[in-house]
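Grab a coffee and open the viewer. Here are some short exercises, each with a solution you can follow step by step.

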Amino acid sequence: MKSMTAEQRNHMLLCDPVSSVIPKMAVPTIISMLITNIYNMADTFFVSQIGTSASGAVGVIFSAMAIIQAISFMIGMGSGTHVSQALGAGNKKKADTYASTAFFTAFIAGIILAFFSLTHIDFIIRFLGSTETIAPYAKDYATYIFYAMPFMMCSFVMNNLLRFEGLTMYGMVGITTGGILNMVLDPILIFALNMGTAGAALATALSQGVSFIILLVMCNTREDALSIKFSNFKPSLQIYGSICYNGIRQGIASISTILLNNAAGVYGDAAIAAMSIVSRYTMFINSSVIGFGQGFQPVCGFSYGAGKYKRVREAFWFCVKVVTVILVVLCVISLLFSGQIVAVFRRDDPQVIEIGTLALRFQLLTLPLWGYITMCNMFTQAIGYGVRSTIISTARQGIFLIPALLVFPNIWGLLGIQIAQPVADICPLVLCIAIVNGILRQLKAKEDLA
């Protein structure tokens, strides 16, 4: 793998046309996101062949995995923001400190959370929304996931750090290798070795372990990457405060997933399984948008740190236009085949297909809005506008979705669950326009003063 020098990478991120450098940064992250979501869907597909309750178990434990990812992304993206801005300003020492502190913090947090989760596993799977019939499958699935938690968290953190350094290709190698391994192991462990849902979880755990090793090697053997060293682990309230300020993003989404599982559980395992399938598929679609946004973030962070505000604005609008076009195309294609898409996972359960198809169609109607909302989220995160970033990132799956999940099912029953997410997608658009337009005007004013 050919490496750039730090000077060459800085020049690319700060000077090359955004229309060429962002796709160059985005392609590896899009591939990483797609592979990650493909093996998530592979878990859902293979486990769904066991039965509807097993399929529901994947959806239930997905909320636990979302919490793991949320904490990891808080650490990784919160520190990554400072890494990219520090490198853009030429302060490598600060970047080294944030990178190593993030890694070791994630590992320690992962050990603590794994111990708590394994010793309270029965309570946790019930809290996450398991029914009596789903609980045994969920426990089998959760056990291996919890054992792998420290390595999963560190993998997420390192992938984010490499991305914010502009080294998206290195992150892609680690993530995609683990993802491909997961897809190979799934049918072997689930069916050939007759491990059931535990086999799917073990496949995920092993693949995350492999990703962890590859990413750690990338960080510590590549001259152009920041090394993970214990000597640079310097925990302090100031560092943790700034990481949390810039990094709290997905935790609230985990709460909404738990509420969704509990609300759907009233209507049986088929409802939980259907909503799980829809969530996995829409996440797969959105992965291309998130991947493109993650390619945008190092350009944005470096440029902002270097005071190149016009470039920041130019990069933002370029990304909004590209991802909106992508989403419109994917929306049309998915609407045409929505019934078949759900049927791929649970062809033998008409109830799952019926519930899932309608929910998917509702969600697809607001799909084109996700591009602008996601880019606003990535933009405010990359430039370190923590409060506004947190508001935007929690709006779609928190501020608006949680009340919808609490109110709509009581009024419209199952239909209320199916329409909660699309209704919650419309409101953040207005919020994003108000917040981001104000930031863009501020950057324009800074440009004029420069």
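**Exercise 1: Tyr240 and its surroundings**

Work out which residues Tyr240 is in contact with, leaving aside its neighbours within four places in sequence.

*Solution.* Leaving out those close neighbours, Tyr240 is in contact with Thr101, Thr105, Phe233 and Pro235. Bear in mind that this is a predicted model.

Next, place the residue: Tyr240 sits in helix α10, which covers residues 237-247. Then look at the side chains, where Tyr240 makes a polar contact with Thr105 at 2.7 Å.

Now for exposure. The relative accessible area of Tyr240 is 28%. Buried means under 20% and exposed means over 50%, so Tyr240 counts as partly exposed.

Finally, try a distance. Phe362 is 122 residues from Tyr240 along the chain, and their C-alpha atoms are separated by 40 Å.

**Exercise 2: Three stops along α4**

Find Lys93, Ser100 and Ala102, and decide for each whether the residue is buried or exposed.

*Solution.* Start with Lys93, in helix α4 (residues 92-119). Its relative accessible area is 63%, so Lys93 is exposed. Leu226 lies 133 residues away along the chain, with 9.8 Å between the C-alpha atoms of Lys93 and Leu226.

Move on to Ser100, also found in helix α4. Here the relative accessible area is 0%, so Ser100 is buried. Check what Ser100 touches, not counting residues up to four places away in sequence: Ser227, Ile228, Lys229, Asn232 and Phe233. Zoom in on Lys229, and you'll find its backbone nitrogen 3.0 Å from a polar atom of the Ser100 side chain.

Finish with Ala102, which lies in helix α4 too. With a relative accessible area of 1%, Ala102 is buried. Leaving aside neighbours within four places in sequence, Ala102 is in contact with Ile75, Ser79 and Val157. As for Arg222, 120 residues from Ala102 along the chain, the two C-alpha atoms are separated by 19 Å.

**Exercise 3: A serine in α7**

Which backbone oxygen lies 2.9 Å from a polar atom of the side chain of Ser155?

*Solution.* First, locate Ser155 in helix α7, residues 149-164. The oxygen you're after belongs to the backbone of Phe151.

Then list what else Ser155 touches, not counting residues up to four places away in sequence: Gln208, Ser211, Phe212 and Leu215. Last, check accessibility: at a relative accessible area of 0%, Ser155 is buried.

**Exercise 4: How α7 packs with α8**

What is the angle between α7 and α8, and which residues meet?

*Solution.* Take the geometry to begin with: the axes of α7 and α8 are 7 Å apart, at an angle of about 155 degrees. Angles over 145 degrees count as roughly antiparallel, so that is how α7 runs relative to α8.

Now pick out the residues. α7 brings Asn159, Leu162 and Arg163, and α8 brings Thr168, Tyr170, Gly171 and Ile175. Sort the residues of this α7 and α8 contact by class and you get three nonpolar, three polar and one charged.

**Exercise 5: A loop residue with a positive phi**

Where is Asn194, and is this residue buried or exposed?

*Solution.* Look in the loop between α8 (168-192) and α9 (197-221), and there's Asn194. Its relative accessibility is 67%, so Asn194 counts as exposed. Check the backbone as well: Asn194 has a positive phi of about 55 degrees although this residue is not a glycine.

**Exercise 6: α16 against α19**

At roughly what angle do the axes of α16 and α19 cross, and which residues meet?

*Solution.* Find α16 (residues 370-382) and α19 (residues 414-449); their axes come within 9 Å and cross at roughly 45 degrees. The two helices are therefore oblique to each other, and α16 passes α19 in a left-handed crossing.

For the contact itself, α16 supplies Trp370, Tyr372, Ile373, Cys376, Phe379 and Thr380. Among the α19 residues they meet are Asp425, Pro428, Leu429, Cys432 and Ile433. By class, the contact of α16 with α19 has 13 nonpolar, two polar and one charged residues.

Note on methods
Residues numbered from 1 in each chain as written. Predicted model: local features only at pLDDT ≥ 70, side-chain atom pairs only at ≥ 80, totals over all residues. Heavy atoms only, no water. Axes fitted to C-alpha atoms, helices over the stretch in contact; angles between N-to-C directions. Helix = DSSP H or I, 4+ residues; strand = E, 2+ residues; numbered from the N terminus. Parallel < 35°, antiparallel > 145°, perpendicular 65-115°, else oblique. Left-handed = near helix turned anticlockwise from the far one by under 90°. Contact = heavy atoms within 4.5 Å. Nonpolar A, V, L, I, M, F, W, Y, C, P; charged D, E, K, R; others polar. Buried < 20%, exposed > 50% of the residue type's maximum accessible area, 1.4 Å probe, protein only. Polar contact = N/O pair within 3.5 Å; in protein donor to acceptor, adjacent residues only side chain to side chain.
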